[in-house]
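Trainee: Could you show me how to read the features of a protein model, step by step?

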Amino acid sequence: MKIPKRIARTVIGSLKGGVVPRIGLPYITVGRKREIDALLHDVEIIADGGASFRFIAGRYGSGKSFLLQTIRNYVLERNFVVVDADLSPERRLQGTHGQGLATYRELVQNMSTKTKPEGGALTLILDRWIAKVQQDVVAETGLGVLDAGLEPLVEQKISDVICHLNEMVHGFDFARLLSLYYQAYRNQDADLKARVAKWFRGEYHTKTEARQDLGVNVIIGDDDWYEYLKLFASFLNQAGYNGLFILIDELVNIYKIPNAITRQYNYEKILTMFNDTLQGKARHLGIVMGGTPQCIEDPRRGVYSYEALRSRLASGRFSDGYKDLLAPVIYLQPLTPEEMLVLTEKLRDIHSGLYGYTSTVRDEDLAEFIRIEFARVGADSHITPREIIRDFIELLDLVYQHPDKTMGEFMQSGSFSYAKNEVEEGKVDKGFAEFTL
């Protein structure tokens with residue numbers, strides 16, 4: 001497997017630390033084909049001017065974040081703009097101390113495009129939009145970039161985009177800031193461009209400060225930040241992108257909020273987003289949220305504790321025992337032993353390529369490793385891909401640093417040997433114990 005060392009180092013380091021790498025996912029993606037296909041169907045709807053909202057539910061370490069990052073890479077390749085954030089005690093969807101605005105700031109800070117996948121793409125998008133308008137006018141009229149008649153035509157096209165936004169909530173203010181950015185671009189005023197970008201990022205704390213810097217009497221706040229994301233989605237489509245994808249992970253941090261009223265306000269914000277996407281109030285917008293099954297289904301504290309959401313999201317009478325990937329909530333099933341075996345093969349090759357050695361880990365060793373991992377007591381309900389991957393990369397590191405020992409010898413030691421003995425002595429009665437290459 002040919003993979004750049006920079007990417008290989010990120011993949012191995014991230015997975016060993018228990019986090020999902022933001023690059024290199026195509027090299028290690030296994031399984032989840034049906035889930036990815038279902039989400040990519042949403043992508044086509046969004047590109048056509050629709051909107052979608054999905055929850056991805058799975059236990060800790062089951063692959064929620066991995067799937068979110070995989071979808072992120074897919075939609076970036078399809079000319080979408082992606083914003084993503086993890087919720088935390090300081091970042092919620094609604095709060096009395098600016099927690100909602102903090103989430104907005106994180107989302108915009110992580111704004112990414114295909115050519116700038118690491119985030120921070122806001123000013124790049126605005127600059128390219130203006131440059132694209134200029135190029136389109138030149139192509140349509142045949143005028144040169146220095147012709148005096150070009151500027152009024154460019155301004156007219158800019159105005160057309162701005163007028164389209166005026167019809168939306170807060171659209172007039174959003175359009176006015178776009179106009180200010182265009183003026184700064186035209187006059188090569190770097191300071192004004194920076195101040196407008198600061199406004200778009202939600203970093204003005206008071207209206208007085210915004211009025212002094214920009215002459216506007218409005219700022220993005222904790223209550224209306226989502227409306228501005230809808231405006232961004234519409235603007236981005238006008239600017240030549242297919243739309244905006246919002247990825248929000250760690251929904252469990254809303255579940256953990258101790259105050260019931262605060263939780264309900266956050267769920268009310270989710271309901272607003274959900275209704276907007278289904279009722280056609282949002283366009284060119286996709287929203288995906290990740291959380292555990294408990295934080296969604298718990299009737300006391302979870303999403304389902306808000307009756308309006310439970311009635312919209314809960315499974316119907318006919319889906320019992322079947323997986324409905326067209327439902328608003330996609331539940332992740334554990335990866336199979338066969339899929340995990342394929343993943344360990346990929347990681348073995350990436351690891352040896354990164355450190356420049358010939359791997360001595362045989363296919364039989366991989367099969368034995370997977371067999372023992374899945375046969376541990378409680379593996380059916382507790383073991384996750386994250387744990388298996390971390391164990392495996394640790395083994396690869398040890399084999400690399402101790403070339404006189406084989407992977408089989410390391411698997412004879414410590415708790416791993418204990419688990420293996422349980423399998424061999426028949427103490428673990430599981431179908432996984434029969435797994436072979």
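**Reading the model together**

Mentor: Gladly! This is a predicted model, so we begin with confidence: the chain averages a pLDDT of 85, and 90% of the residues score at least 70.

Trainee: Where does pLDDT stay under 50?

Mentor: That happens over residues 421-437.

Trainee: Next, the sheet. What is the order of its strands?

Mentor: To read a sheet, follow the strands from one edge to the other. Here the order is β2-β3-β4-β1-β5, an open sheet of 5 strands with parallel pairing. At the edges are β2 (81-86) and β5 (329-331), each of which pairs on one side only. From one strand to the next, the twist averages 15°.

Trainee: How many bridges join β1 and β4?

Mentor: There are 7 bridges between β1 (residues 51-57) and β4 (residues 285-291). Within this pair, I56 stands opposite G290 in β4.

Trainee: Which strands does helix α10 touch?

Mentor: Helix α10 (residues 225-238) packs on the sheet and touches β2, β3 and β4. Helix α2 (residues 33-47), in turn, lies across β1, β3, β4 and β5.

Trainee: And how do we look for pockets?

Mentor: Rolling a probe the size of a water molecule over the atoms shows where empty space is left. In this model, the largest pocket has a volume of about 770 Å³. Its lining has 38 residues, with V19, V20, S65, F66 and R386 nearest the centre.

Trainee: Which element gives the largest share of that lining?

Mentor: Helix α3 does, with 6 residues. For the second largest pocket, about 400 Å³, the largest share also comes from α3, again 6 residues.

Key: Residues numbered from 1 in each chain as written. Predicted model: local features only at pLDDT ≥ 70, side-chain atom pairs only at ≥ 80, totals over all residues. Heavy atoms only, no water. pLDDT = per-residue confidence, 0-100. Contact = heavy atoms within 4.5 Å. Pairing = 2+ DSSP bridges. Helix = DSSP H or I, 4+ residues; strand = E, 2+ residues; numbered from the N terminus. Axes fitted to C-alpha atoms, helices over the stretch in contact; angles between N-to-C directions. 1 Å grid on protein atoms, 1.4 Å probe; cavity = no way out; pocket = protein on both sides within 12 Å on 5 of 7 lines; lining within 4 Å. Points joined across faces, edges and corners; volume = space filled by probe spheres on them.
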